[in-house]
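Welcome! Here is a short set of exercises, each followed by a worked solution. Take a look at the sequence and the model, then try each task before reading on.

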Amino acid sequence: MRIRLEGNRAEIALGMLHLRDAFDVTSMSRAYPDRARPRSYRMYVTISPRKSR
């Protein structure tokens, strides 16, 4: 599944922490500046369901 995170750098970092707690993060892009909103960024993350332990 591919997810787009949007927000300031702190919000994106917090979102990544929550995603890593619940899913296996298989790839992530760099943070791209959002053209429409100053000081906002977007990042693309690919996740997969966590394997049973």
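The protein has one helix and four strands, where helices (H or I, at least four residues) and strands (E, at least two) are DSSP runs, numbered from the N terminus. This is a predicted model, in which local features need pLDDT of at least 70 and side-chain atom pairs count only at pLDDT 80 or more, while totals for chains, interfaces and linings use all residues. Residues are numbered from 1 along each chain as its sequence is written, and side-chain values use heavy atoms, with hydrogens and water left out.

**Exercise 1. Describe the protein as a whole.**

In what order do the elements of the protein run from the N terminus on?

Solution.
- Step 1: start at the N terminus and read off β-α-β-β-β.
- Step 2: turn to the dimensions. The C-alpha trace spans about 40 × 15 × 10 Å along its principal axes.
- Step 3: consider burial. The protein has 53 residues, and 28% of them count as buried; buried means under 20% relative accessible area, exposed over 50%, and partly exposed in between (1.4 Å probe, protein chains only).
- Step 4: look at contacts, meaning heavy atoms within 4.5 Å. Of the contacts between residues at least 6 apart in sequence, 51% join residues at least 24 apart.

**Exercise 2. Find the largest nonpolar core.**

Which residues form the largest nonpolar core, and which element gives the most to this core?

Solution.
- Step 1: recall the rule. A nonpolar core is a set of buried Ala, Val, Leu, Ile, Met, Phe, Trp, Tyr and Cys residues joined through side-chain atoms within 4.5 Å.
- Step 2: apply the rule. The largest core has nine residues, namely L5, I12, M16, L19, A31, Y41, M43, V45 and I47.
- Step 3: assign elements. Helix α1 (9–22) and strand β4 each supply at least two residues of this core, and β4 gives the most, with four residues.
- Step 4: zoom in on one member. Beyond its neighbours within four places in sequence, L5 is in contact with I12, M16, L19, Y41, R42, M43 and V45.

**Exercise 3. Follow M1 and E6.**

Is M1 buried or exposed?

Solution.
- Step 1: locate M1 in the segment before β1 (2–7).
- Step 2: check its accessibility. M1 counts as exposed because its relative accessibility is 68%.
- Step 3: list its partners. Neighbours within four places in sequence aside, M1 is in contact with V45, T46 and I47.
- Step 4: compare sequence and space. M1 and V45 are 44 residues apart in sequence, and their C-alpha atoms are 8.3 Å apart.
- Step 5: repeat with E6, in strand β1. E6 and R50 are 44 residues apart in sequence, with 23 Å between their C-alpha atoms.
- Step 6: finish with the surroundings of E6. Its relative accessibility is 43%, so E6 counts as partly exposed. Not counting residues up to four places away in sequence, E6 touches I12, R37, Y41 and R42.

**Exercise 4. Explore the loop between β3 and β4.**

Is D34 buried or exposed?

Solution.
- Step 1: place D34 in the loop between β3 and β4.
- Step 2: read its accessibility. D34 is buried because its relative accessible area is 14%.
- Step 3: list its contacts. Leaving aside neighbours within four places in sequence, D34 is in contact with S40, Y41 and R42.
- Step 4: look for a link to the backbone. A polar atom of the D34 side chain lies 3.2 Å from the backbone nitrogen of A36.
- Step 5: move along to R39, which is in the loop between β3 (32–33) and β4 (41–49). R39 has a relative accessible area of 70%, so this residue is exposed.
- Step 6: check the backbone of R39. Its phi is near 65 degrees, a positive value in a residue other than glycine. Most residues other than glycine have a negative phi.

**Exercise 5. Find what lies over the ring of Y41.**

Which residue lies over the face of Y41?

Solution.
- Step 1: use the cut-offs. A charge sits over a ring if NZ of Lys or CZ of Arg is within 6 Å of the ring centre and within 35 degrees of the ring normal.
- Step 2: apply them to Y41. R9 lies over its face, at 4.2 Å from the ring centre.

How values were computed: Polar contact = N/O pair within 3.5 Å; in protein donor to acceptor, adjacent residues only side chain to side chain.
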